[in-house]
Amino acid sequence: EKAEIGLIGLGVMGSNLALNIAEKGHRIAVFNRTTARPHEFAAEAGPLSDMIVPCDSIEALAEAIQPPRPVIIMTQAGKPVDEQIALLRGVLSENDIVIDAGNANFHDTMRRFHELEGTGLTFIGMGVSGGEEGARHGPSIMVGGTEDSYKRIEKVLLDISAKYQDEPCAAWLGPNGAGHFVKTVHNGIEYADMQMIAEIYGALRDGLGMAPKEIGKIFAGWNEGRLNSYLIEITAAVLAADDEKTGKPIVEVILDRAGQKGTGKWSVIEAQTLGVPATAIEAAVAARVLSSLKDERLAAEDVYGARPAGGFGGDREKLLADLELALFAGKIAAYAQGFAVMDAASREFSWNIPLPMVAKIWRAGCIIRSQFLGTLAEAFSAGKVANLLMAPAFVTMMREAHPALRRIVAQAAEAGLPVPALSSALAYFDSYRQGRGTSNLIQAQRDFFGAHGFERIDEPGAHHGPWGL
Ligand code: 6PG
């Protein structure tokens with residue numbers, strides 16, 4: 001019996017995705033560059049072995065699948081994907097579908113889509129979120145490509161995706177680069193979420209002098225409320241864990257230098273190119289970069305002196321309540337930015353991304369899954385707004401939350417504790433809701449030194465100031 005689908009790349013993500021597909025009753029042919037791996041993999045799959053067809057070559061892979069063939073590539077992003085596509089072009093035929101399920105840069109996806117146009121093959125760029133567990137038991141799946149090619153693999157994708165109260169977290173989001181773009185912004189938001197959580201952890205650790213386990217309990221408590229989310233849940237679990245070697249809390253032995261593979265940076269680059277402010281995401285990316293300058297930071301601490309411990313005062317219960325609400329306010333601003341970026345890209349590339357659907361398929365399976373996304377999906381379904389901050393449900397929440405964000409950012413500034421993502425979120429909100437800003441002065445300066453002209457509040461057209469030019 002022929003396989004229904006194929007997969008190339010049996011790393012952790014690829015293996016887990018293949019097992020997930022097999023488990024849902026879809027026979028799958030698998031191939032890997034190191035040829036022994038497919039057989040090992042099939043042998044180790046236990047009862048699922050019957051549903052897995054190990055292939056020794058790319059030709060064997062093509063032979064094993066029932067045409068028209070869908071083939072998923074799950075390798076490292078970048079060059080390896082182009083290499084696999086080149087190999088597939090040699091063995092696939094009319095109407096077959098090549099699916100890149102990695103964290104591709106959407107510009108590459110657009111290019112690959114166009115490169116395959118006219119060859120008879122079609123290309124799908126598919127964002128998959130949820131880490132290893134998600135790939136195995138139900139990820140969130142963001143698809144870009146022709147609707148027709150999506151329809152042909154829809155059944156498999158709906159079957160393997162996470163479910164939110166029975167609703168599958170997989171959807172077609174638009175042509176060519178749409179799926180990978182949405183995945184990139186998902187990761188940008190993920191960076192902002194993680195950074196803001198880390199900033200609140202910093203306030204609890206350094207501003208209030210609390211120990212990891214104590215902080216973990218606070219996050220666990222918050223996870224029962226409006227902040228309920230996978231990232232808060234794992235933060236509580238991380239803070240509760242001890243290092244096996246030293247017996248100390250694991251967070252205390254982990255070096256404070258964050259890695260990154262590029263998706264956060266890409267979302268910021270695209271936001272800038274589209275002219276959409278995504279300051280909380282930018283701050284999160286910059287914070288990772290700054291964290292990597294460990295030696296410089298140690299040298300600077302010597303020069304300027306370490307900040308004195310503590311610094312967060314007042315009623316403890318009130319402070320904890322403020323920290324929770326500040327994190328929530330920051331989250332609202334970060335999501336408002338992320339969705340504004342997707343909205344702008346959707347218009348720029350004529351993708352027509354269904355934003356309510358994006359919120360829906362992020363409710364389960366993906367790394368940023370949360371109760372909040374349920375609220376967001378409902379708010380979007382209620383009608384289109386210029387910015388999430390203007391959706392009635394969010395106006396109510398932000399009115400309640402922004403004063404707490406303000407108090408926390410102010411206390412952090414006084415205490416010398418960096419909260420870059422939270423403070424950018426606050427500045428974004430304050431700028432967004434300020435009817436009369438200060439750019440009149442920028443315009444005057446531009447006109448003064450470059451005769452760029454400005455608009456007047458009382459008369460149309462371009463004007464110049466009395467600079468004696
Ligand atoms: C997901 C994750 C996943 C991964 C990213 C982020 O949605 O499953 O976002 O894609 O964690 O690669 O990685 P970095 O933090 O290394 O950039």
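**View 1. Shell of residues around the ligand in the predicted model.** Among the 13 residues that surround the ligand in this predicted model, those coming nearest are Ser129, Asn187, Gln260, Lys261 and Ile367. By residue class, the shell around the ligand is made up of nine polar, two charged and two nonpolar residues. Helices α8 and α12 (263-274) each contribute at least two residues to this shell. The ligand lies between domain 1 (5-176) and domain 2 (184-432), because both domains give residues to the shell around it.

**View 2. Residues annotated as "binding site".** The unreviewed UniProt entry places the annotation "binding site" on Asn103, Ser129, Gly130, Gly131, His186, Asn187, Tyr191, Lys261, Arg288, Arg446 and His452. These positions are spread over 350 residues of sequence and are spread in space as well, with up to 49.8 Å between C-alpha atoms.

**View 3. Surroundings of tyrosine 191.** Tyrosine 191, one of the residues covered by the UniProt annotation, is located in helix α8 (residues 178-207). Tyrosine 191 counts as buried because 27 C-beta neighbours lie inside 10 Å, the threshold for this class being 20 or more. When neighbours within four places in sequence are left aside, tyrosine 191 is in contact with Gly264, Ile281, Ala284 and Val285.

**View 4. Surroundings of histidine 452.** Histidine 452, which the UniProt annotation also includes, sits in the segment that comes after α20 (439-450). With 14 other C-beta atoms within 10 Å, histidine 452 is classed as partly exposed. Once neighbours within four places in sequence are set aside, histidine 452 is in contact with Arg446 and Asp447, and Arg446 is itself among the residues annotated as "binding site" in the UniProt record.

Technical notes: Residues numbered from 1 in each chain as written. Predicted model: local features only at pLDDT ≥ 70, side-chain atom pairs only at ≥ 80, totals over all residues. UniProt positions renumbered as here; feature names shortened; annotations may be inferred. Helix = DSSP H or I, 4+ residues; strand = E, 2+ residues; numbered from the N terminus. Buried ≥ 20, exposed ≤ 12 C-beta atoms within 10 Å, placed from the backbone. Contact = placed C-beta atoms within 7 Å. Near = placed C-beta within 6 Å. Nonpolar A, V, L, I, M, F, W, Y, C, P; charged D, E, K, R; others polar. Domains from an automatic or database assignment.
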